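Ready for some practice in reading a structure? Work through each exercise, then compare your steps with the solution.

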Amino acid sequence: MMDSALLLQAAADSTRAYGEFPVIGARAFVWITAEVHLMFAAFVLGVPMFAVVTEAIGIFGGDERYDRLSKEFTRLLLVAYSATAIWGAMLVFGLSTLYPRFWAYLTTIFAPSMWIYAGLFFVESFTLYLYYYGWDRWKKGRAKLGHWTLGILLNVWGTIVMFIANAWLTYMMSPPRDITPTTDPTTIKLWHAIANATWMPINVHRVIANVVFGGAIVGAYASYRFLAARTDEERAHYDWMGYVGNFIAMSALIVLPFAGYWLGREIYQYDQSMGITMMGGFMSWLWVIQAFLIAVLFLTGNYYLWIGMGRIPGAERFRPYTRYLLIVLVLGAIVWGTPHTMIADSKELAAMGGSHHPFLGALGVMSAKNTAVNLMILTTFLSFLLYRRANTRPVVPWARTGTIIQGAMFAVAAAVVLFYGIRGYFVEAIVRIGFSVYQVLAVLSCIVFVTVIDILMARGAQSLGAIRWGKMPPRSQYALFILAVTFTWLMGLMGFARSGIRQYWHVWQVMQDTSKYAATPALGYASKMISLCVLIFLSLVAFVFWLGGLAEKSTFVATGEGEKGAPHVGH
Amino acid sequence: MWATNAKIVGIVLGTLALYTLIANKIPQVQSEVPQALTLGANVTPEQLVAAGQKVYTGIGGCTTCHGLGERAPNLLTDEKGQGPIGARCGKREPEKTCKQYLYESLDNPTAYVVSGYQPIMPVMTKQLSPEQVWSVIAFLESQGGTVDVTGDDIAKSKPAAGAPTPGASPGFAGGSTDPKAIIQAAGCLACHKLDGQGQVIAPDLTHVGSRRNAESIRKKILDPASSVTKGYEKLAGIMPKTFGTMMSAAQLEALVQYLAAHK
C-alpha cells in the first residue's frame, strides 16, 4: 500500500496541477460547461418523466390526445440528448486538461462507476430511439404496453445515470470523515465514497427538481407554439399543453422545499461550519436572492392560474378570493426575503443597531421563514383547488359537508403552521429545528386529504360549461416564459450555492484548490456567469425546438372540437 | 410573428438582466483562501486591526456564535446597554485591563462566562497562532476602545525554540489532570452535555458511566469511530480524532475514570 501511495504521490508531483483556458480562464470554462451540461441533463431527465405519465393517461384513460402530447415531448428529447452528451464531453475534456491532478484523484476513486455511467448512457440513448421511433409501430394492445415499458426503462436508466454522477459531486462536498488529505485514493472503497452524507438528499432533490424544470421548459415550448398558432384549434391544444407543463412544474415545486430542507439538514449534520458558511457566512445574501426568485415563481405561477380562470365558466364565483391569496403570497414572500445572519462590517452593524435590523430581525429567523413558505404552499394549493373546481358543481349528497371538512383541514394546517412558527421563538434552536417537521407534515397531510376528498366529491359533478381552451391573453403565455427563465436561473444559483460552500477545496478538507481561482467569487460575478449559462442553454433549447418543428410537423391534429378540444387536467 | 419573437427575447433578456442587477446591487462578499499571518515587531495598530478583522470574520469562525446574541454575547454591537466589546472589556474584571481580559477569554474561555450563556467556547489559543490571537484582540479593542496591542505581545506569546507548540502534549490543559480542566480545554461541552452544562448536539454524558465502562470510554476517546451511540449515527465522524495525541496518558486516564463514575 505504501508503495502505491508513493507511486501516486510521485505521479502527482510530476503532473502539473492546473491548466489555463484562453480569454475566459479555466474556472469559467468548467463553470459554463458543467452548468449547461447539467441544464440539458435535467431537461432530458425531467421530460421523460411526464412523457411516460401522459402516455399512461392516454393508454389507461383512452384519450389519444395525451398520447400525442407525450410523443411531442419525446420528440424534443432527441436533439437534447446529443446536446447533453456534447456538453458532457466538453466538461470532461475541460476537467482533464485544466484540473488534471484533481481529475486524476477523482478517477482513481470512481473509475468503475464512470465505466458503468458511460455504458448506461449508451443503453439510455438507444432506449430513447426505440421509444420514439417505435411510437407508431407499437401503438395498440400489448405492443403499446411494451412501448410504455420502454418509457419507464428510459426513466430508470436516466435516474441511475444521474445518481452515479451525483456520487462524484457529493463526494467533493462531503467525503466520508475517515478520508483525510493523506488517505491513498486507491485504498478508498467505491461504495464508501458513493454513499456519502449528501448523496441521497441530492438524489431526491434533483429528481424532483428535474420534474419542475422539465415542466417549466415544456410550458415555455407550448407558450411559444400558442403565440405562433394560426388556428383556434391549434391555440387550444397548446394552451392546454402549457397548462399541463405549468401544473406539473408547480405541483413538484410544492414538494421541492421539503427535499431542500433535508439536504440542508444533512449538510449541517455533516459539518456545521459548512452549514454556517452556507446560511450565515459569505453566502447569506444568496438566500435573499433565492427568496426573491421563489417569490417570482409562486406569484407568476398563481397569476397564470388566475388568468386561466377567465376561460372557465363558473370561475367568476372564486375570483374575489384571489386578492386574498395574493396578499398572503406577497406577505409570505416579504418574510421569506427578510435577511437574518449575514456578514456585515462594524459600521454596517452600528447603522442597523445590531446584527439584525431592529424591526425586521424577528422576521428573518427560520421560525418566521418556515411559517411563510408553508403558508405560501398552502395558498398555491388552494389556487389549484379553486381552478380545478371552477367549472363544476359537486352533486354528491355530502358535498357541503365535504367542502366544510376541506375548509377545516386548511384551517387546521394553517393553525399548526402558525402555532409552531410562534412557539419557535420561545424554545432552543435544537427544539425549533424539529418544529419544521410538524409544519411540513401538517401542510402535506392537508394537500393529500383535501385532494382525496376533492376527487371523490367530483364524481358525477355537474358541469357549468366547457373550458374555453385557447382563450387566454398573450400575457399569460409570457408568464410561462418568465417561469422557465426563473426556474433555470434558480437552478444555476443553487448549483453555485452547493458548489461554492466547498470554498477553496476541490474535495472538502481533503484536497485543497491551490489554483489562482481558489477563492469563491461573490454573488455579483456568479450572477453574470449564471445569466450567461442560462442564455446559452435557452438559445440552444430554442434551436432544438426549431429543429423539432423543422423535422416534423406538430403532433397536434385538428379534431374539429374547437374550443373544448383539450381536456381539463385533473378532471 | 417577428413582433412576438422580439417580445419573447425581450422578456427573457429583461428577466435575466433584472436578476443579474439585483445580485450585483447587494453587498459583494468573496470567500478568500486563508493566508498565513506574519506580523513583525514593528507592526502598527492599524495593521493588527485589519488582520484581526479578517481572522474574526474568517478563519477564526467567531461570527458563528458572536453577533447573533443567541449562543454568545454580541461583540461588535451593543450588548445589554454596555456598548461594543472595546468599550466594555476594561470594566468586566476589576483588576484586568481590556487586553488581559480579552487574552484570558481566548486562552481560558470558562474563566469569564457571561451570565445567560453556556460555556461552549473552545480554547482559541489552541486553534490560532499568536499573531492571529493578538490581531483579533486588537480588532476587538478597536470596537469602541483603544488598541494597545504591540509586536511585543506577539513575541512574548510565541513558544521558545524547541518548546512544544500550542495544543501539543504535555501542554494540553496546562498539563492539569483535573478532569474538568481537561473537558474545558478539549471543548467537549461544545457538543456534549454534562451535569447540566453544554450542548445537546452529541450524546449527554451525565450518565455515560451507566452505558459504557472505562474501557469503552477510553476506546471512544482514542478512536471516536470505534462505536456510535444509538440515535447519533448521522453524527458519526464529527468527533475529533486528535484527543489521543493531545492528552498525556495521565490526563486521558483521569478523564476516563471521571466519566466512568458518571452513572
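**Exercise 1.** How many residues does helix α1 of chain B have, and how far does this helix reach from its first C-alpha to its last?

*Solution.* Bear in mind that this model is predicted. Start with the count: α1(B) covers residues 2-25, which gives 24 residues. Next, take the reach, which is 34 Å, close to the 34 Å expected at 1.5 Å a residue. Finally, look along the helix for buried residues, among them Val12(B), Leu16(B) and Tyr19(B).

**Exercise 2.** Find where helix α8 of chain A bends.

*Solution.* First check the span: 39 residues (232-270) at 1.5 Å a residue should cover 57 Å, and the end C-alpha atoms are 56 Å apart, which agrees. Then find the bend, about 30° at Val255(A). Pro257(A) follows within four residues.

**Exercise 3.** Describe how helices α2 and α3 of chain A pack.

*Solution.* Two packed helices are described by the angle and the distance between their axes. Here the axes come within 7 Å and cross at roughly 160°. Angles over 145 degrees count as roughly antiparallel, so α2(A) and α3(A) are roughly antiparallel to each other. Their crossing is left-handed. The contact residues divide into 27 nonpolar, ten polar and three charged.

**Exercise 4.** Val23(A) has a positive phi; decide whether Val23(A) is buried or exposed.

*Solution.* Most residues other than glycine have a negative phi. Val23(A), not a glycine, has a phi of about 65° and is found in the loop between α1 and α2 of chain A. Now count: 6 other C-beta atoms lie within 10 Å, and 12 or fewer means exposed, so Val23(A) is exposed.

Terms used: Residues are numbered from 1 along each chain as its sequence is written. Chains are lettered from A and ligands numbered from 1 in the order in which they are written. This is a predicted model: local features need pLDDT of at least 70, side-chain atom pairs count only at pLDDT 80 or more; totals for chains, interfaces and linings use all residues. Helices (H or I, at least four residues) and strands (E, at least two) are DSSP runs, numbered from the N terminus. The expected span of a helix is 1.5 Å times one less than its number of residues. A residue is buried if 20 or more other C-beta atoms lie within 10 Å of its own, exposed if 12 or fewer, and partly exposed in between; C-beta atoms are placed from the backbone. The bend at a residue is the angle between axes fitted to the seven residues ending there and the seven starting there. Axes are lines fitted to C-alpha atoms, for helices over the stretch in contact, and angles run from 0 to 180 degrees between N-to-C directions. Angles under 35 degrees count as roughly parallel, over 145 as roughly antiparallel, 65 to 115 as roughly perpendicular and the rest as oblique. A crossing is left-handed if the near helix is turned anticlockwise from the far one by less than a right angle, and right-handed if clockwise. Ala, Val, Leu, Ile, Met, Phe, Trp, Tyr, Cys and Pro count as nonpolar, Asp, Glu, Lys and Arg as charged, and the others, Gly among them, as polar.
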